[in-house]
Amino acid sequence: MGMKLFVIGATGGVGKEVVKQALDSGYTVTAFVRDPSKLGMEHAQLHIVQGDGLDKNSVITAMQDHDAVICTVGGKNLGTSTLMSSVTLHLIEGMKQHHIDRIVYCASAGIHNELKGIMGKLVTFMLRKVLADHTKAYESLVESKLRWTIARPMSLTNGPLLGSYNEVLNGEAPKGYNIARADVAAFMLKVVQDDQYVEQSVGLSS
C-alpha cells in the first residue's frame, strides 16, 4: 500500500483499532498522542509523536509528509467542549500547508439531528454538547474544500471485528443501535482510499 497515515486520537478505543488494523494492512502510521504509554504498541511502521491536539504548531509540524489524516478525537465527558472542533481547525490548516487533501473523521450518529423516535430524541439531548462540537468540526470540514468523509457510528462497543455493518448516506439515521469500535476503524481505513465516499457523512451500525 505504501500510504502514510496521520492518526490523531490514537489512544482512544476507535483510534487504537485504526492504528492496529492500519499496521496489519501495511500502512505506515504516525500516531499523534498526548500519552504514548496509553497506546501500548510497537511496530517498525509505527511512529509515535507526543503532543497535544490543541497545540496547533505541534500538530502542523507532525503532519508533514503524510498522505491522509484519520481523526478519532473524542470528548472526555458529556459536558460543553470545543476540543473536536478546535483540533479539526488545526488539522485543516496543517493539511493545506502540507498539501494533504484526504481526511476521515469519526463523529457520532446524531450530528444531523437524524435520530428519530423517543429514544433518538433522548440520545440526541443527552449528547447535545458533544454533538454540537462534532457538528462544528463537520461544518469546518465542509467549508475546507478538502476531500473529507465523516463516520457517524451508533453506540460503540468493544465487540469483535465483524467486517460487515450497515452504512447509510445523506445524513440518514443508521438502522441498528450499536457497532464495534473495530468495525468503525475498518470502515475508516476502507474509505480513506475510496473516492466514492468523498464528501459523504456515513451512518454506521452493526
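Buried means under 20% relative accessible area, exposed over 50%, and partly exposed anything in between, using a 1.4 Å probe on protein chains only. Keep that scale at hand for this tour. You are looking at a predicted model, where local features need pLDDT of at least 70, side-chain atom pairs count only at pLDDT 80 or more, and totals for chains, interfaces and linings use all residues. Residues are numbered from 1 along each chain as its sequence is written, and side-chain values use heavy atoms, with hydrogens and water left out.

**Stop 1: Lys 116**

Select Lys 116, in the loop between strand 5 (102–106) and helix 4 (117–126). Helices (H or I, at least four residues) and strands (E, at least two) are DSSP runs, numbered from the N terminus. At 62% relative accessibility, Lys 116 is exposed. Now add Val 18 to your selection: the two are 98 residues apart in sequence and 30 Å apart in space, C-alpha to C-alpha.

**Stop 2: the largest pocket**

Next, select Gly 74, Gly 75, Ala 107, His 134 and Leu 156. The space you should be looking at is the largest pocket, at about 1200 Å³, and of its 50 lining residues those five are the closest to its centre. On a 1 Å grid over the protein atoms alone, a pocket is an open set of points where a 1.4 Å probe fits, with protein on both sides within 12 Å along at least five of seven lines; lining residues have an atom within 4 Å of a point. Points are joined across faces, edges and corners, and the volume is the space filled by probe spheres set on them.

Colour the lining by type and you will find 26 nonpolar, 16 polar and eight charged residues. Here Ala, Val, Leu, Ile, Met, Phe, Trp, Tyr, Cys and Pro count as nonpolar, Asp, Glu, Lys and Arg as charged, and the others, Gly among them, as polar. Elements that each supply at least two lining residues include helix 1 (13–24), strand 2 (28–33), helix 3 (83–98) and helix 5 (128–144).

**Stop 3: helix 5**

Stay with helix 5 and show it as a ribbon. Its 17 residues reach 24 Å from first C-alpha to last, close to the expected 24 Å; the expected span is 1.5 Å times one less than the number of residues. Which residues of helix 5 are buried? Select Val 130, Leu 131, Asp 133, His 134, Thr 135, Ala 137, Tyr 138, Ser 140, Leu 141 and Ser 144. These buried residues pack against helix 3, strand 5, helix 4, strand 6 (147–153) and strand 10 (200–205), where contact means heavy atoms within 4.5 Å.

Just after the helix, Lys 145 takes a positive phi of about 65°. Most residues other than glycine have a negative phi. For another positive value, go to His 99, with a phi of about 60°. His 99 sits in the loop between helix 3 and strand 5 and is exposed, at 73% relative accessible area.

**Stop 4: aromatic pairs**

Show the rings of Phe, Tyr and Trp. Rings (the six-membered one for Trp) pair if their centres lie within 6.5 Å; planes under 30 degrees apart count as stacked, over 60 as edge-to-face and the rest as tilted. There are four such pairs. Begin with Phe 6 and Phe 32, a tilted pair at 5.8 Å centre to centre with 40° between the planes. Phe 6 belongs to strand 1 (residues 4–8) and Phe 32 to strand 2, 26 residues apart, so this pair links distant parts of the chain. Phe 6 is buried at 0% relative accessibility, and Phe 32 is buried at 3%.

Then pick Phe 187 and Tyr 197: the ring centres are 5.6 Å apart and the planes lie at 85°, so the pair is edge-to-face. Add Tyr 165 to see a cluster that ring pairs link together with Phe 187 and Tyr 197.

**Stop 5: Glu 172**

Finish in the loop between strand 8 (166–168) and strand 9 (178–180), where you will find Glu 172. Is Glu 172 buried or partly exposed? At 44% relative accessibility, Glu 172 counts as partly exposed. Leaving aside residues up to four places away in sequence, Glu 172 touches Glu 114 and Arg 152.
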